[in-house]
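This report describes a protein model together with its bound ligand. The reader is invited to keep the sequence and the three-dimensional view at hand while following the text.

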Amino acid sequence: MAQHVGIDLGTTLSGLAYLKGDGTPEIVPNSDGERLTPSVVYFDAHEDVKLVGSAARDGGDPERTIFQIKRYMDDPDHVLEIDGKKWTPAEISALILSKLKRDCEKIIGEIRDVVITVPANFNELARKSTIAAAEMAGMKVKRLVNEPTAAAVYYAQTQNVQGRVLVFDMGGGTLDVTILEVKGGSIRILTSEGARHLGGGNLDDLLVTAFEEQYRAQTGQGLYTDERHRRRILQSAEDAKKMLSKLQRVNDTVANDQNSGLARIDLTREGFEGLIRKMLTRTVLLVEQALDSAGLKVSEVDHVVLVGGSTRIPKVKKVLEKFFGKTPKSCGNVDECVALGAALFAKSSAKIQEVCNASYGTLAMIYNAATGEEKVANSVVIPKNTVIPCSRSQVYQTSEDNEKVIEVDITQGEDEDPRFVDVIGRLTLEVPPNRPKGCEVEVTFSYDENQRVQARVLDKASGRVKEVAVTYRGAGVLSEEELQRRSQHLRAMRIE
Amino acid sequence: MSSKSVPEKPARRISEGSVLEKVAKGEKMVDAGKSPKVVAKAEKKVSAEVLCGIQPKMGKAEVGARLKLLYRRYNRGASSLDAKMRAESETMLDAIVEVREKFFGEI
Ligand SMILES: Nc1ncnc2c1ncn2[C@@H]1O[C@H](COP(=O)(O)OP(=O)(O)OP(=O)(O)O)[C@@H](O)[C@H]1O
Ligand SMILES: [Mg+2]
């Protein structure tokens, strides 16, 4: 059985790595002979087979092809219907993971326990869905690890760096910024911040708009009317984007799907940089937020490390260079280092100190003694970036006489304003009758190294206690039974 | 925060279980000075500065601090479990970038 396996389940590309006998990580190729597998699934109309990877990406009907499912892992309402059957993002991801598992097992033997990487800002639902996807694919998730943490582990080990490292990971769908400190053989994560919709895919969308504008200017017509053609344009846009990382100018000739003639698309690097400027400003805002969270000044960062395909864009490097006043270094292997780092992490997780990904707390009436005003606010018990494992308590008072039950809403998020946090659970504790208000209630949150959260409410007067694992159980999460059923179904499926 | 850290000021109390409802109704939740008056107004072409609650008398440092708070808030909002909040957050993030460019120049 293969030991220490790491999987990067990416928005555009996924990869699996394992630790060789000598302790170095290696990427395991798929059965198509590729080191990385495009995260694309194709549902064939004639044969009962799901294609995953390049064949799916380059092949047929876009209506039957699922791209970038990872962008929806945190969306409880996202369901796809194909041939009358409904698929959740977790199930689609399970198909990608199944392909990786089945193909790689032919080379390294049975794969059971794995470390899977997720963006640092993946919410509770997305993390749960990732674990469920692995289970459906017949694997057990030993640990979920944040992508930039994995990349940093790889970078620190292979480049032998020391000091404070900022990892800037811009992939296909997300941007993650992590700051960590490397001292001797150990790594301490200081903070991880992520942004949704700040990846290469979003830049492609902007380029498609530019294609459309140029096409309309020349022909007076729209560039596409159906999804199949839009996909083609999207692919051309992505190709052009990649060329612009090397060239100053690229041209392409495109037609629409209505026979309105050809148009010559002319793009310059400068024009592209103007197009993505606002996106890049957002990336700087995220870097600033990470520095702020870690309480660091720009000058206190020793190394800036680039990870993810989108960091090949020269402007991305330039913006960071200007911001930090030093040249960012490439992780070496920008596409593979997350998977490689995950395999290293599978073995050396004990030497890596991680922090809470999010703040946890409760909703409480907060009374402002100065103004006499009362309002509901989010009261944080465990702040984000607290070193894990950890446990924190906060004492509250009941606000009414004769309360029979105490209800505690469990929140995820750091904002004081309840509108900007997610309520992910509720604890209910029955208490003895006829009590005056002002009874003390202690709320404790504990956080383990798997980023699992436990909440406990203690009514101090009666000594009654209620404890729950804090997990998001809302829409989008499969029940245990359903998970089992679908796992069986998936195992019998033809996936190539 | 020790287990006996009975609240400093302001005092915190757990209400009788109706907190969720209160939040949903948004009673008194808009902290006028601090929060932008939610994005519904964005459709009426409210300027980025108004959306971000930037006042003419604010200095650069104050604007910077305000943007920092808003970015943190809405970047998180962009991956909220609530679809409405995700949409609102996108509008706000655009506005934040616009204000930043205006006050601090392009990157
Ligand atoms: N030379 C290049 N210039 C610009 N962009 C590039 C280049 N090469 C790859 N990319 C972009 O990088 C992205 C893929 O990067 P990567 O493989 O790191 O992402 P991922 O791991 O699949 O996504 P994520 O980490 O967001 O889940 C794509 O959007 C791709 O277009
Ligand atoms: Mg990636």
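A cavity is a set of grid points where a 1.4 Å probe fits but cannot get out, and its volume is the space filled by probe spheres set on those points. The model discussed here is predicted.

**Cavities**

With that definition in place, the enclosed spaces can be described. The structure contains four cavities of 30 Å³ or more. The largest cavity encloses about 330 Å³ of space. Its lining is made up of 25 residues, and those closest to its centre are Asn121(A), Asn357(A), Ala358(A), Lys384(A) and Arg76(B). Which elements give two or more residues to this lining? They are helix H3 (124-136) and strand E14 (186-196) of chain A, together with helix H3 (60-77) of chain B. Sorted by class, the lining of the largest cavity holds five nonpolar, 12 polar and eight charged residues.

The second largest cavity has a volume of about 90 Å³. Among the residues that line it are Thr11(A), Lys70(A), Asn121(A), His197(A) and Ser79(B). Its lining divides into two nonpolar, six polar and four charged residues. Asn121(A) lines the largest cavity and also lines the second largest cavity.

**The ligand site**

Attention now turns to ligand 1. There are 21 residues around ligand 1, and the nearest are Thr11(A), Thr12(A), Lys70(A), Glu238(A) and Ser245(A). Two of these names, Thr11(A) and Lys70(A), also appear in the lining of the second largest cavity. The table sets out polar contacts of the ligand.

| Ligand 1 atom | Protein partner | Distance |
|---|---|---|
| oxygen atom | N or O atom in the side chain of Thr11(A) | 2.6 Å |
| oxygen atom | polar backbone atom of Leu13(A) | 2.9 Å |
| nitrogen atom | N or O atom in the side chain of Arg312(A) | 3.1 Å |

Taken alone, ligand 1 exposes 660 Å², and the protein buries 93% of that area. By class, the shell around the ligand consists of two nonpolar, 13 polar and six charged residues. Helix H5 (200-219) and helix H6 (227-244) of chain A each supply at least two residues of this shell. The largest share, three residues, comes from H6(A).

**Domains of chain A**

Chain A is divided into domain 1 (200-273) and domain 2 (360-469). How far apart do the C-alpha centres of the two domains lie? The separation is 52 Å.

**Backbone details**

Two places in the backbone of chain A deserve separate mention. Most residues other than glycine have a negative phi, and most peptide bonds are trans. The peptide bond from Ile388(A) to Pro389(A), however, is cis, with omega near 0°. Pro389(A) is placed in the loop between strand E21 (374-382) and strand E22 (390-398) of chain A. Asp83(A), a residue other than glycine, has a positive phi, near 50°. Asp83(A) is found in the loop between strand E8 (80-82) and strand E9 (85-87) of chain A.

Key
Residues numbered from 1 in each chain as written. Chains lettered and ligands numbered in written order. Predicted model: local features only at pLDDT ≥ 70, side-chain atom pairs only at ≥ 80, totals over all residues. Heavy atoms only, no water. Near = heavy atom within 4 Å. Polar contact = N/O pair within 3.5 Å; in protein donor to acceptor, adjacent residues only side chain to side chain. Areas by Shrake-Rupley, 256 points an atom, 1.4 Å probe, with all protein chains shown as cover. Helix = DSSP H or I, 4+ residues; strand = E, 2+ residues; numbered from the N terminus. Nonpolar A, V, L, I, M, F, W, Y, C, P; charged D, E, K, R; others polar. Domains from an automatic or database assignment. 1 Å grid on protein atoms, 1.4 Å probe; cavity = no way out; pocket = protein on both sides within 12 Å on 5 of 7 lines; lining within 4 Å.
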